[in-house]
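Grab a pencil and work through these exercises with the structure open beside you. Try each task yourself before you read its solution.

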Amino acid sequence: SRGLGDVYKRQQVNEKFLAAQESRSVRLILLKIVNESIVFHDELSKQSDAAEDFNTILPSAFVANEASFGLFNVVDDVTAPQAWCLVVWIPEECRVRDKMLYSSSREDLRKKLGLGYFKADYPANQYEDLTWDQYQSSLDKNFDIDVLTENERLVLEEKVCGMMAPACFIIPIDQLILSIRSSLAAKVRQRRPRPWASSPSR
């Protein structure tokens, strides 16, 4: 039955993730949603340090018009506990239904694998997002969309909503807001200098 099949797919993803935790040599686990189930797609080993692998492995692993989940290992030391970033790749060219499925599934995926394993959740929708510098910028706890002026916020919201307009009618409003805010955050990190950069933090 489909129920048993879904259980098997979840177990396969969990087993791959746990095996990667134990081997400590895996850099990226690639997952996809197939028939509304999250399934294992591919696995790539560490080639260099985390920064270099982020810049090289992710752009080659993600397809321009297909959404994917990437479990990226951010730890280089094989003797240390491994920590992961959930890279949510939802390119503008992918299907609207996929945008809905991936946006609404990412939190559930982290919970099922174990929230404690994940250092961050990083949304990306273009190859320019897939750099270590952009990822590190997203970790800045001082980041706040509210630093935008009202006009800047409206312009960005119109652009993101325009991209996702057909999905607005089927995504629950709380998930839609979360997705929009994540997309806005990614765009702001790319296009606008951080206003707090000139003053010391904390």
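**Exercise 1. Find how much accessible surface the chain has, and what share belongs to carbon and sulfur atoms.**

Start with the total: in this predicted model, the accessible surface of the chain comes to about 10,800 Å². Next, take the share: carbon and sulfur atoms hold 52% of that surface. Now look inside: the chain has 202 residues, and 44% of them count as buried.

**Exercise 2. Work out the order of helices and strands along the chain.**

First, count them: you should find six helices and five strands. Then walk from the N terminus, and you'll read α-β-β-α-β-β-α-β-α-α-α. Finally, check how the chain comes together: among contacts with a separation of 6 or more, 65% are between residues 24 or more positions apart.

**Exercise 3. Decide whether the buried residues of helix H2 (residues 50–61) line one face of the helix, and find what they pack against.**

Step one is to list the buried residues: Ala50, Asp53, Phe54, Ile57, Leu58 and Ala61. Step two is to look down the axis of H2, where these residues fall within an arc of 105°, so they line one face of the helix. The spacing rule helps here: an α-helix has 3.6 residues a turn, so residues three or four places apart point the same way. Step three is to see what that buried set packs against: the strands E1, E2, E3 (68–73), E4 (84–89) and E5 (118–124), plus helix H4 (132–138).

**Exercise 4. Describe the largest nonpolar core.**

Begin with its size, which is 22 residues. The residues with the most contacts inside this core are Ile29, Leu31, Phe69, Leu71, Trp84 and Leu109. Now ask where the core comes from: H1, E1, E3, E4 and helix H3 (96–113) each give two or more residues. H3 gives the most, with five. Don't stop there, though: a second, separate core has 21 residues, including Leu30, Phe62, Leu130 and Tyr135.

**Exercise 5. Compare the phi angles and exposure of Arg24 and Asn35.**

Here's the background: most residues other than glycine have a negative phi. Arg24 isn't a glycine, yet its phi is positive, about 60°. Asn35 isn't one either, and its phi is about 50°. Next, place them: Arg24 sits in the loop between helix H1 (2–23) and strand E1 (26–34), while Asn35 sits in the loop between E1 and strand E2 (37–45). Last comes exposure: Arg24 has a relative accessible area of 25%, so it is partly exposed. Asn35 reaches 60%, and the cut-off for exposed is over 50%, so Asn35 counts as exposed.

Technical notes: Residues numbered from 1 in each chain as written. Predicted model: local features only at pLDDT ≥ 70, side-chain atom pairs only at ≥ 80, totals over all residues. Heavy atoms only, no water. Helix = DSSP H or I, 4+ residues; strand = E, 2+ residues; numbered from the N terminus. Buried < 20%, exposed > 50% of the residue type's maximum accessible area, 1.4 Å probe, protein only. Contact = heavy atoms within 4.5 Å. Areas by Shrake-Rupley, 256 points an atom, 1.4 Å probe, with all protein chains shown as cover. Arc of directions from axis to C-beta. Core = buried A, V, L, I, M, F, W, Y, C linked by side-chain atoms within 4.5 Å.
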